[in-house]
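The following exercises concern strand pairing, burial and aromatic contacts. Please work through each task before reading its solution.

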Amino acid sequence: PAVYPARAQELGQQGEVLIRVRLDLDGSAAEIKLWRSSGFESLDHSALAAVRGWHFLPAMRGGHPVPAWVQIPVRFHLR
């Protein structure tokens with residue numbers, strides 16, 4: 001999971017970051033892009049850092065791996 005930056009929590013910053021990831025045939029992240037910002041740089045950076053550390057299964061079509069783009073929402077909400 002993404003780390004909620006302590007300073008962002010103190011400031012009451014919340015939001016959703018949308019990340020787009022281009023997956024290679026082996027499921028590795030060939031490209032990672034910030035697609036929609038939360039409006040807070042620290043939340044955006046935390047979301048990108050988390051996704052960079054993730055491992056993915058390859059997209060499949062007809063039983064064979066294919067390159068694909070996926071969208072990943074990362075939500076930061078205070079309780």
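A residue counts as buried when its relative accessible area is under 20%. The model examined here is predicted.

**Exercise 1.** Determine whether Phe-76 and Tyr-4 are buried or exposed.

Solution. Step one: the relative accessibility of Phe-76 is 2%. Because this value is under the 20% limit, Phe-76 is classed as buried. Step two: Tyr-4 has a relative accessible area of 17%. The limit is again 20%, so Tyr-4 is buried as well.

**Exercise 2.** Classify the geometry of the ring pair made by Tyr-4 and Phe-76, and state which parts of the chain this pair links.

Solution. Step one: the structure contains two aromatic pairs. In the pair of Tyr-4 and Phe-76, the ring centres are 5.2 Å apart, and a pair requires centres within 6.5 Å. Step two: the ring planes stand at 80°. Planes over 60 degrees apart count as edge-to-face, so the pair of Tyr-4 and Phe-76 is edge-to-face. Step three: Tyr-4 belongs to the segment before helix 1 (6–10), whereas Phe-76 lies in strand 5 (residues 68–76). The two residues are 72 residues apart, and their pair therefore links distant parts of the chain.

**Exercise 3.** Establish the strand order of the open sheet and identify its edge strands.

Solution. Step one: strand 1 (residues 15–23) is joined to strand 5 by nine bridges, and the two run antiparallel. Step two: six bridges join strand 1 to strand 2, again in antiparallel fashion. Step three: the three strands accordingly form an open sheet in the order 2-1-5. Strand 2 (29–36) and strand 5 are the edge strands, each pairing on one side only. On average, neighbouring strands of this sheet are turned by 25° against each other, direction ignored.

**Exercise 4.** Describe the surroundings of strand 1 and the partners of Arg-20.

Solution. Step one: seven of the nine residues of strand 1 are buried, and the strand is mostly covered. Helix 2 (residues 41–52) lies across strand 1, strand 2 and strand 5, at about 35° to strand 1. Step two: Arg-20 stands opposite Gln-71 in strand 5 and opposite Lys-33 in strand 2. Step three: the charged end of Arg-20 sits over the ring of Trp-35, 4.5 Å from the ring centre.

**Exercise 5.** Which residue takes a positive phi in the hairpin of strand 1 and strand 2?

Solution. Five residues lie between these strands. Within this hairpin, Gly-27 takes a positive phi near 90°.

Note on methods
Residues numbered from 1 in each chain as written. Predicted model: local features only at pLDDT ≥ 70, side-chain atom pairs only at ≥ 80, totals over all residues. Heavy atoms only, no water. Phe/Tyr/Trp six-rings, centres within 6.5 Å; stacked < 30°, edge-to-face > 60°. Helix = DSSP H or I, 4+ residues; strand = E, 2+ residues; numbered from the N terminus. Buried < 20%, exposed > 50% of the residue type's maximum accessible area, 1.4 Å probe, protein only. Lys NZ or Arg CZ within 6 Å of the ring centre and 35° of its normal. Pairing = 2+ DSSP bridges. Axes fitted to C-alpha atoms, helices over the stretch in contact; angles between N-to-C directions. Contact = heavy atoms within 4.5 Å.
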